[in-house]
Amino acid sequence: MRLRPLLIAVTLCTACALPAQSPASSAVPSAASPRRTVITINPFAVFGEYFAGDIETRLSKAFTIGPGFSFTTALDRSTYFAVEAKARYYPAESALEGLSVAATVGVASASGDDNIFYADDFIEFGPNGPVARRSRVTKPTFGTELSYQWIVGPSRRFVTVIGVGVKRFVGDVGF
């Protein structure tokens, strides 16, 4: 389906979040009492067979840390799964809101049984030439993200995020 890559790209740029509240206060948070942690999920990506989420905790006015994950089966019978740690810097010193740049480090695993893998390790040779076989590659990764995040609503329980990022496998992955 040609619409699938476009759908995945659009859903990667939107997300909603469930803020994690501090047990010390059950009152409705205000702009004067910012959240310490947000849990972000991407509910729209489910339609593109993509699942992603982050947990982000404020360390200071400008820095946050937390884990992230992503999973997809939308690559024509292939799968991709990643778990990573993220450190985010908010230049306006309003952690959890506004423009941020992140560094990521983690591990990712990809598998497939079509023409995604080309290295000799992933190709069997049959009587009629090369035949791709199901293979899995698991490698460390590092990357970066650029995003803008808004915490909105009277109770500040909804987060909208738009962003882009790149990730690089460490070492030879064969594709």
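**Buried strand residues and an enclosed cavity in a predicted model**

Glu84 is located in strand S5, and in this predicted model the residue counts as buried, its relative accessible area being 9%. Leaving aside residues up to four places away in sequence, Glu84 is in contact with Gly66, Pro67 and Gly68, with Thr104, Val105 and Gly106, and with Glu145 and Lys167. A further relation across the chain is that to Thr141, which is separated from Glu84 by 57 residues in sequence, while the two C-alpha atoms lie 8.1 Å apart in space.

The strand that holds Glu84 belongs to a protein with one helix and 10 strands, and the order of these elements from the N terminus is α-β-β-β-β-β-β-β-β-β-β. The protein has 175 residues, of which 37% are classed as buried. When contacts between residues at least 6 apart in sequence are considered, 55% of them join residues at least 24 apart. The accessible surface amounts to about 10400 Å², and carbon and sulfur atoms contribute 66% of that area.

Confidence in the prediction varies along the chain. The average pLDDT of the protein is 75, and 63% of the residues reach a score of at least 70. Residues 1-33 stay under a pLDDT of 50, and the model gives this stretch 59 contacts beyond four places in sequence. The pLDDT is also below 50 over residues 114-122, a stretch for which the model has 29 contacts beyond near neighbours in sequence. Where pLDDT is low, predicted coordinates should not be read in detail, and the contacts of residues 1-33 and of residues 114-122 are reported here with that reservation.

A search for enclosed space found one cavity of 30 Å³ or more, and the space in the largest cavity is about 50 Å³. Its lining is made up of Asp54, Ile55 and Glu56, of Thr64, Ile65 and Gly66, and of Lys86, Ala87 and Arg88. Strand S3 (50-58), strand S4 (63-72) and strand S5 (79-89) are the elements that each supply two or more residues to this lining. By residue class, the lining comprises three nonpolar, two polar and four charged residues. Gly66 appears both in this lining and among the contacts of Glu84.

Thr64, one of the lining residues, lies in strand S4 and is buried, with a relative accessibility of 1%. Beyond residues up to four places away in sequence, Thr64 touches Glu56, Thr57, Arg58 and Leu59, then Lys86, Ala87, Arg88 and Tyr90, and finally Ala95 and Leu96. The residues touched by Thr64 thus include Glu56, Lys86, Ala87 and Arg88, which also line the largest cavity. Arg36 is 28 residues from Thr64 along the chain, and the C-alpha atoms of the two are separated by 9.2 Å.

Leu96, itself a contact of Thr64, is situated in the loop between S5 and S6. Most residues other than glycine have a negative phi. Leu96, however, has a positive phi of about 85° although it is not a glycine, and the residue is buried, with a relative accessible area of 1%. Glu93 occupies the loop between S5 and strand S6 (98-112) and likewise has a positive phi, near 55°, in a residue other than glycine.

Two further buried positions were examined, in strands S6 and S10. Ser111 is part of strand S6 and counts as buried at 4% relative accessibility; its C-alpha atom is 9.2 Å from that of Phe81, a residue 30 positions away in sequence. Val159 is part of strand S10 (residues 158-169) and counts as buried at 1% relative accessibility. Between Val159 and Ile41 the sequence separation is 118 residues, whereas the C-alpha to C-alpha distance is 9.6 Å.

Conventions: Residues are numbered from 1 along each chain as its sequence is written. This is a predicted model: local features need pLDDT of at least 70, side-chain atom pairs count only at pLDDT 80 or more; totals for chains, interfaces and linings use all residues. Side-chain values use heavy atoms; hydrogens and water are left out. Helices (H or I, at least four residues) and strands (E, at least two) are DSSP runs, numbered from the N terminus. Buried means under 20% relative accessible area, exposed over 50%, partly exposed in between (1.4 Å probe, protein chains only). Contact means heavy atoms within 4.5 Å. Accessible areas come from the Shrake-Rupley method with a 1.4 Å probe; for residues, only the protein chains shown count as cover. On a 1 Å grid over the protein atoms alone, a cavity is a set of points where a 1.4 Å probe fits but cannot get out, and a pocket is an open set with protein on both sides within 12 Å along at least five of seven lines; lining residues have an atom within 4 Å of a point. Grid points are joined across faces, edges and corners, and a volume is the space filled by probe spheres set on the points. Ala, Val, Leu, Ile, Met, Phe, Trp, Tyr, Cys and Pro count as nonpolar, Asp, Glu, Lys and Arg as charged, and the others, Gly among them, as polar. pLDDT is the predictor's confidence in each residue, from 0 to 100.
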